[in-house]
Amino acid sequence: MSTAEQDALLPADVVPHNTPVASGEPGAALVTGASGFLGAAVVAELLEHTEQRVYCLVRPKDGTAQERIEAALRGFDLWSSACPDRVIALAGDLARPGCGLSDDDRRLVHTEVDTIYHCGAGVNVSYPYEALRGPNVAGTVEVLRLVCEGRPKRLAHVSTVSVLYGSRPEGTEGPGTVADFTELGPAGVLGGYGLSKWAAERLVAQARERGVDALVFRSGTLAGHTRTGVSNPNDYAWLFLRTCAVMGAAPLAGSPLQWAPVDYAARAVVRLTRASEGSAPPAYHLIAPEHTRYTTLFSWLRRFGYRLRPVDFALWRQRVLDASVTSNRDELRQIAATLPDASAGSAAVIPEVASDRTDAELAEVDVRCPVLDEQLARRYFEVGLRRAELPEPDRIVGSR
């Protein structure tokens, strides 16, 4: 049994022993990973569409936990007038026992919180499993302990569609298609991040079997916020486009991308968590129903004003690797660390991921994924340029 498989065995003592609330009053929400891209969007969604007080589990860094969550929300342009009164940071750390909460804060979570949105995770596709098992796997066990204590709680566990990579759906010869509402299969061939999230999802599945009220959301690639235009500076697809703009060249690659805006994903998580009753499906898939090809994104970048020479992927990859050694641009270094060697091949099997049933449930609560068209992409480019994530274009095209 591998380390990940051993870690994916939920301790026997993690079982619900909650105490009903006599008052019946609705409780507060706790969001882990609230300083991250999706977590911050979930906080904003809760502030806009609920009356709940929102507690945020935050690891203090360069200041207090409250200062960090405010800086994160302001950094993503999501700070609002409701934040000072309703957003309360709790200092903690997913990788520590009890999520690193103080005794007082733990009692507060026990008595006030009735929903936990577990968005927190260490996210780095180049890290090995061992570097991520603390926050992603052990952290999920600790979150499940919080769910099982105090007043009854519902867990919204954010996973990733990458847990499906590497395993071939039963009865198929090729990669096949994995539908939503599908149980998690064997780990297959996964990188460190995917394997850590696979183990975490296995833990949640066992907790559900023991009576824990939990929903699982497998998120795909997340594009920027449709209102603010702010993208995740560490998202692979956004880093890839930024790298092409810096290099003035784009690889001859037409692979498709299902890029869903982050505010859509946040709204889906909150609405389904609040609307679902009774037995929930094994997992919802939060992906854009429409595919956008990188070649289309490259053409939009060109029309925005960037000169992108088409280059064979192997040559483009080598140029990026060479440039990353001397460049001070972070996107080059991050992309260089993850670029596959096409000549070496890949053992991973990447299936198609479907979201038909999730989309149908979301339509019932009036949530639909916005279409990624050139107008929305241009919004992302404009904001990325203003935030110095994109270099100045070669020429000005249209009004900005």
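Good morning. Both Arg218 and Glu201 are buried, and I should like to open with this pair. Please keep in mind throughout that the structure before you is a predicted model.

What joins Arg218 to Glu201? The two residues form a salt bridge, and their closest N and O atoms lie 2.6 Å apart. Arg218 belongs to strand S7, residues 214-219, while Glu201 belongs to helix H7, residues 192-209, so the salt bridge ties together parts that are 17 residues apart in sequence.

This pair is part of a longer list. How many salt bridges does a search of the whole structure find? The search gives 18. Let me describe some others.

Glu331 forms a salt bridge with Arg329, with 2.5 Å between the closest N and O atoms. Here the two partners should be considered one by one. Glu331 has a relative accessible area of 2%, and therefore counts as buried, the limit being under 20%. Arg329, at 23% relative accessibility, is classed as partly exposed.

Next, Glu389 forms a salt bridge with Arg387, and in this case the closest N and O atoms are 3.4 Å apart. Is Glu389 buried or exposed? At 7% relative accessibility, Glu389 is buried. Arg387 has a relative accessible area of 32% and is partly exposed. Salt bridges can also share partners: in this way Asp13, Glu142 and Arg145 are joined into one network.

I now turn to strand S1, residues 28-32. Why do we describe S1 as largely enclosed by the rest of the structure? Five of its five residues are buried, so the description follows directly. The side chains may be followed along the strand: Ala28, Leu30 and Thr32 point one way from S1, whereas Ala29 and Val31 point the other way, and all of them are buried.

Which strands pair with S1? One of them is strand S4, residues 113-118, which pairs with S1 in the parallel sense over five bridges. Within that pairing, Val31 stands opposite Tyr117 of S4. Another is strand S2, residues 54-58, which runs parallel to S1 and is joined to S1 by four bridges. There, Ala29 has Val54 of S2 as its bridge partner. To pass from S1 to S2, the chain crosses through helix H2, residues 37-49, and this β-α-β crossover is right-handed.

To close, I would ask you to locate two places in the model: the salt bridge between Arg218 and Glu201, and strand S1 with its parallel partners S4 and S2. Thank you for your attention.

How values were computed: Residues are numbered from 1 along each chain as its sequence is written. This is a predicted model: local features need pLDDT of at least 70, side-chain atom pairs count only at pLDDT 80 or more; totals for chains, interfaces and linings use all residues. Side-chain values use heavy atoms; hydrogens and water are left out. A salt bridge is a side-chain nitrogen of Lys or Arg within 4 Å of a carboxyl oxygen of Asp or Glu. Helices (H or I, at least four residues) and strands (E, at least two) are DSSP runs, numbered from the N terminus. Buried means under 20% relative accessible area, exposed over 50%, partly exposed in between (1.4 Å probe, protein chains only). Two strands pair if DSSP finds at least two bridges between them. A crossover is right-handed if, with the strands pointing away from the viewer, the path from the first strand over the helix to the second runs clockwise.
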